[in-house]
Structures are given as structure tokens and as C-alpha cells.
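Here's a quick briefing to read alongside the model. Have the sequence and the 3D view open, and we'll go through it topic by topic.

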Amino acid sequence: MTQTSQNQTAIEVIKERHSVRQYESGVKIPEADLQEILSLAASAPSSWNLQHWRFLVIQDEANKQKLLPIAYNQQQVVDASAVVIVLGDLQANLVAPEVYASATPEIRDMMVKQIEGAYANNPQLARDEAIRNASYAAMQLMLAAKAKGYDSVPMGGYNPAALIQEFNIPERYVPTLMLPIGKAAKAARPTERLPLAQQVINERF
Ligand SMILES: Cc1cc2nc3c(=O)[nH]c(=O)nc-3n(C[C@H](O)[C@H](O)[C@H](O)COP(=O)(O)O)c2cc1C
């Protein structure tokens, strides 16, 4: 594949991703597809490469039914093949020794010290980092799903406390997004964007 056609594919995937809210029920994503999609999402960039995302993958019908009231009865959480809850790690500093395991001891110690210094007594930084970095993986997840022939819809409309309780999510992780993925039963509603000139500020305010 030439560089140009690869770029074209990425552009098409970006342009073709839309929030689909109606799914064919009873469709299972083949395990190999799901693993590939999750693995592509996990290749997202992250501060210090701490990979703050965790993917809670829900495919079991009974569990999807449990999501329904938590997501204020948005039916897509039941009909989609899988619902991925993208979590952010509030203690991503703890994985630093593992991330830098293959570095020289000097580099590893330096990085771990730097990261521990940044995270020490700074819950605001930990939360910002968790949500920011998990969001990059969430976006890659949507695009990877689209590239593999599936649709999705990012969802913030759910009760986080109820989600945490029902699925036993440890305090260490903050839910950032609920993402149903599946085969579209109905095309997405068309959406528009604000004029680019309104969104772009050149040089300075
Ligand atoms: C953080 C976030 C939360 C959202 N929450 C919901 C939701 O709870 N339910 C829903 O149907 N769509 C939800 N959406 C989808 C948006 O409505 C949609 O992305 C937007 O209208 C643009 O449409 P498009 O995704 O098709 O381009 C959410 C999107 C984002 C990024």
C-alpha cells in the first residue's frame, strides 16, 4: 500500500465515523476483531507512556441489561454487540516501574522519581491525567472499530455512581466514557460542525 492510499483510508474512517444509536441486536463481534480493536486503541499516546486507560468490556446479555437503567434507558447499550467502559487510572504512577522495566536502571529510577514527584499530593493532576489520556484511547477505539466495520456511540449519559457499584469498579479507576460498539441497524443522524474559523485561533487570542 502506498503512503497516499494509507492516508486516504485514515481520512475516510474519520469522515465515516458517526454516532450510531440503533444496532442490530444479537450480533457478536468475533473475538479476534475485538482484540484487534482494543489493541489498536491501546496504542494511543499517553503522558510518560503510563497508559492510563482500562477497558471494561461488557458483552454478556444480562450485564448489558444491567447497564440499561444506569444509562438512563438508552437502548443502544443493550442492542450493541459490546459496551466498552473506558476507565482512567487515577494511580497510573504505580505502573511506572513496569513501563520503564527495560530501560537502564539510571533512566528507570529517574523516570519513576519524576513521575512520583508529579503525582505526589496532587489528586487534581492524577484525575486530569486519567481522563485526558483515557480519552485518547477512547477516540482511537471509535476509529479502530469503524475501520474494522463496526459503529459506535460515545456516551457520557449514565450514572457513574450506579455504574461503579453495579460493576464493582475499584476506586482507583474513574469511568470516562461508555462506548457501545456494533453493527448499525439505522444510519446515524447527520450532524454539522461550527465553522472552522470559529474553532481555530491563529497565533494568540
Ligand atoms: C463525551 C460525550 C458524551 C456523549 N454522550 C452521549 C449520550 O449519552 N448519548 C448519546 O446518544 N450520544 C452521546 N454523545 C454523542 C454526541 O451526541 C455526538 O458525538 C455529537 O452529536 C456529534 O455527532 P457524531 O458523533 O455523529 O459526529 C456523546 C458524545 C461525547 C463525545
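E129 sits in helix α7, which runs over residues 123–147. This is a predicted model, so take what follows as computed from the prediction. E129 is buried, since its relative accessible area is 7% and the cut-off for buried is under 20%. Its side chain isn't without a partner, though: the side chain of E129 makes a polar contact with that of R132, at 2.6 Å.

**The chain overall**

- The protein chain has 205 residues, and 37% of them are buried.
- For secondary structure, count 9 helices and 6 strands in the protein chain.
- Measuring along the principal axes isn't needed by hand: the C-alpha atoms of the protein chain fill a box of roughly 55 × 45 × 40 Å.

**Helix α6**

- Helix α6 covers residues 105–119, so to speak a 15-residue stretch.
- From its first C-alpha to its last, α6 reaches 21 Å, close to the 21 Å expected at 1.5 Å a residue.
- Which residues of α6 are buried? They are M111, I115 and Y119.
- Looking down the axis of α6, you'll find its buried residues within an arc of 65°, so they line one face of the helix.
- Turn to the other side of α6 and you meet E106 and K113, which are exposed.

**The ligand and its surroundings**

- The ligand is surrounded by 14 residues.
- The closest of these are S19, R21, Q74, G156 and R193.
- By type, the shell around the ligand splits into 4 nonpolar, 7 polar and 3 charged residues.

**Polar contacts to the ligand**

- R21 reaches the ligand with its side chain: an N or O atom there is 2.6 Å from an oxygen atom of the ligand.
- R193 also has a polar side-chain atom by a ligand oxygen atom, at 2.7 Å.
- What part of P154 lies 2.9 Å from a nitrogen atom of the ligand? For P154, a backbone N or O atom lies at that distance.
- As for cover, the ligand has 620 Å² of accessible area on its own, and the protein covers 63% of that.

How values were computed:
Residues numbered from 1 in each chain as written. Predicted model: local features only at pLDDT ≥ 70, side-chain atom pairs only at ≥ 80, totals over all residues. Heavy atoms only, no water. Near = heavy atom within 4 Å. Polar contact = N/O pair within 3.5 Å; in protein donor to acceptor, adjacent residues only side chain to side chain. Areas by Shrake-Rupley, 256 points an atom, 1.4 Å probe, with all protein chains shown as cover. Nonpolar A, V, L, I, M, F, W, Y, C, P; charged D, E, K, R; others polar. Helix = DSSP H or I, 4+ residues; strand = E, 2+ residues; numbered from the N terminus. Expected span 1.5 Å × (residues − 1). Buried < 20%, exposed > 50% of the residue type's maximum accessible area, 1.4 Å probe, protein only. Arc of directions from axis to C-beta.
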